[in-house]
Amino acid sequence: MKLLVFLEHHEGAVTKAALGVLAKARALGEAAGVVAGADVRGAAESVGGPVYLADDERLAAPLPGPRVDVLAKLVRDEGFDAVLFAQSVLAADVAAGLAARLGAGLNWDLADLVEQDGALVGKRPALADSVWVDAGWSSPVALALFRSGAFDPAAAEGGSEVREVAVELEPHSLLAELVEAASDEGEGGPSIEDADVIVAGGRGLGSPDNFALVEELASALGGAVAATRAVVDAGWYPYATQVGQTGKTVSPKLYVAVGISGAIQHKVGMQGSGLIVAINKDPHAPIFEYADLGVVGDLHEIVPRLTELVRSRQ
């Protein structure tokens with residue numbers, strides 16, 4: 001089984017989610033990654049193991065068309081059985097374009113991948129994560145898009161084996177042009193998808209001004225700030241920080257939920273966290289049913305005190 005993993009990168013580093021998918025691919029069979037961009041040799045060399053490098057100025061902008069060309073050629077030339085992606089806006093566009101180009105099946109929102117009787121089987125949660133669905137492929141090449149944070153990265157044994165590939169682009173792939181790039185990730189700290197520590201705030205904070213409590217605790221812990229859908233819909237915090245069924249799926253080592261009731265829509269986005277700590281004044285809040293540590297009380301008193309204690313130990 002030969003598997004190819006699309007290694008998305010930002011600011012010269014491959015994303016944590018993509019490295020997690022690569023680790024899973026290596027556990028399943030013969031796996032290689034592919035890094036496509038401009039001046040990205042450093043990113044390719046940092047991965048370890050076999051990595052295909054498509055380094056070309058025409059790949060500088062994060063546009064899907066040229067990347068589809070690179071992946072399609074690799075699949076045809078090297079005979080890969082599957083191409084795996086970590087969920088992102090760019091990865092979804094590339095996966096969809098590659099599926100159309102190859103006439104291949106694409107399963108998305110997967111949380112796991114296994115081999116059964118010589119065939120790949122994707123595991124997909126459904127009905128608000130209350131059941132699991134087995135998803136297969138009838139096409140010769142299988143394409144899979146995984147939830148962000150589905151797998152933990154693992155270092156490859158030995159150094160990187162970078163294999164340069166010739167970049168051959170279709171004329172139509174060069175018709176799109178990136179006019180402007182903007183970020184809505186908020187100020188400072190890691191993104192919630194890459195952070196080992198996340199402090200998330202909900203409507204229990206009472207007002208957008210009280211998000212300062214969450215930001216200060218996240219800063220003390222060296223983590224990122226996240227929010228619930230209700231908070232985002234109310235305009236209290238940027239959409240890019242939303243965790244949940246209609247937001248992002250995260251799996252940090254520590255997840256601190258502040259003023260969050262813990263509805264199923266939020267649970268599905270963070271239940272893979274290593275340690276879940278909940279702070280809520282309602283002892284019957286659903287989040288206490290799956291939190292590892294629950295603190296019942298006034299968050300306006302608890303969070304500042306917790307921040308003070310964390311900083312005193314640093």
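Trainee: Is Asp196 buried or exposed, or somewhere in between?
Mentor: Asp196 is partly exposed, because its relative accessible area is 37%. Buried means under 20% relative accessible area, exposed means over 50%, and partly exposed is what falls in between (1.4 Å probe, protein chains only). Keep in mind that this is a predicted model, where local features need a pLDDT of at least 70 and side-chain atom pairs count only at pLDDT 80 or more, while totals for chains, interfaces and linings use all residues. Residues are numbered from 1 along each chain as its sequence is written, and side-chain values use heavy atoms, with hydrogens and water left out.

Trainee: Okay! Which side chain does Asp196 meet in a salt bridge?
Mentor: That is Lys16, with an N to O distance of 3.3 Å. Lys16 belongs to helix α1 (residues 16-28) and Asp196 to the loop between β12 (160-164) and β13 (197-201), so this pair ties together parts that are 180 residues apart in sequence. Helices (H or I, at least four residues) and strands (E, at least two) are DSSP runs, numbered from the N terminus.

Trainee: What counts as a salt bridge? And how many salt bridges are there by this rule?
Mentor: A side-chain nitrogen of Lys or Arg has to be within 4 Å of a carboxyl oxygen of Asp or Glu. By that rule the count is 14 salt bridges.

Trainee: Which residue does Asp69 pair with?
Mentor: Asp69 forms a salt bridge with Arg101, at 2.9 Å from N to O. This pair also links distant parts of the chain, with Asp69 in helix α3 (residues 64-78) and Arg101 in helix α4 (residues 89-102), 32 residues apart. Asp69 is buried, because its relative accessible area is 4%. Arg101 counts as partly exposed at 28%.

Trainee: What about Arg305, which residue is its partner?
Mentor: Arg305 has a salt bridge with Glu308, and their closest N and O atoms are 3.1 Å apart. Both residues lie in helix α8 (residues 299-312), 3 residues apart, which is about one turn of the helix. Arg305 is partly exposed at 44%, and Glu308 is partly exposed at 47%. Elsewhere, salt bridges with shared partners join Arg41, Glu45 and Glu164 into one network.

Trainee: New topic. Which residues of helix α5 are buried?
Mentor: In α5 (residues 211-221), the buried ones are Phe211, Leu213, Val214, Leu217, Ala218 and Ala220.

Trainee: And what covers those buried residues of α5?
Mentor: The cover includes β13, β14 (224-227), α6 (229-233), β15 (254-258) and α8. Contact here means heavy atoms within 4.5 Å. Right after α5 comes Gly222, which has a positive phi near 70 degrees.

Trainee: What's usual for phi in residues other than glycine?
Mentor: Most residues other than glycine have a negative phi. Glu11 goes the other way, with a positive phi of about 50 degrees. You can find Glu11 in the loop between β2 (9-10) and β3 (13-14), and it is exposed, with a relative accessible area of 86%. Asp109 has a positive phi too, near 60 degrees. Asp109 is in strand β7 (residues 105-110) and counts as partly exposed at 22%.

Trainee: Now the domains. Where does domain 1 start and end, and where does domain 2?
Mentor: Domain 1 covers 2-174 and domain 2 covers 197-312. Those bounds come from an automatic or database domain assignment. The C-alpha centres of the two domains lie 31 Å apart. The contact takes 5 residues from domain 1 and 7 residues from domain 2.

Trainee: How much area is buried between domain 1 and domain 2?
Mentor: About 520 Å², with carbon and sulfur atoms giving 41% of that. Buried area is the accessible area (1.4 Å probe) that two parts lose on being put together, summed over both. On the side of domain 1 that touches domain 2, the residues divide into 1 nonpolar, 2 polar and 2 charged. Here Ala, Val, Leu, Ile, Met, Phe, Trp, Tyr, Cys and Pro count as nonpolar, Asp, Glu, Lys and Arg as charged, and the others, Gly among them, as polar.

Trainee: How many salt bridges are there between domain 1 and domain 2?
Mentor: The count between domain 1 and domain 2 is 0 salt bridges.
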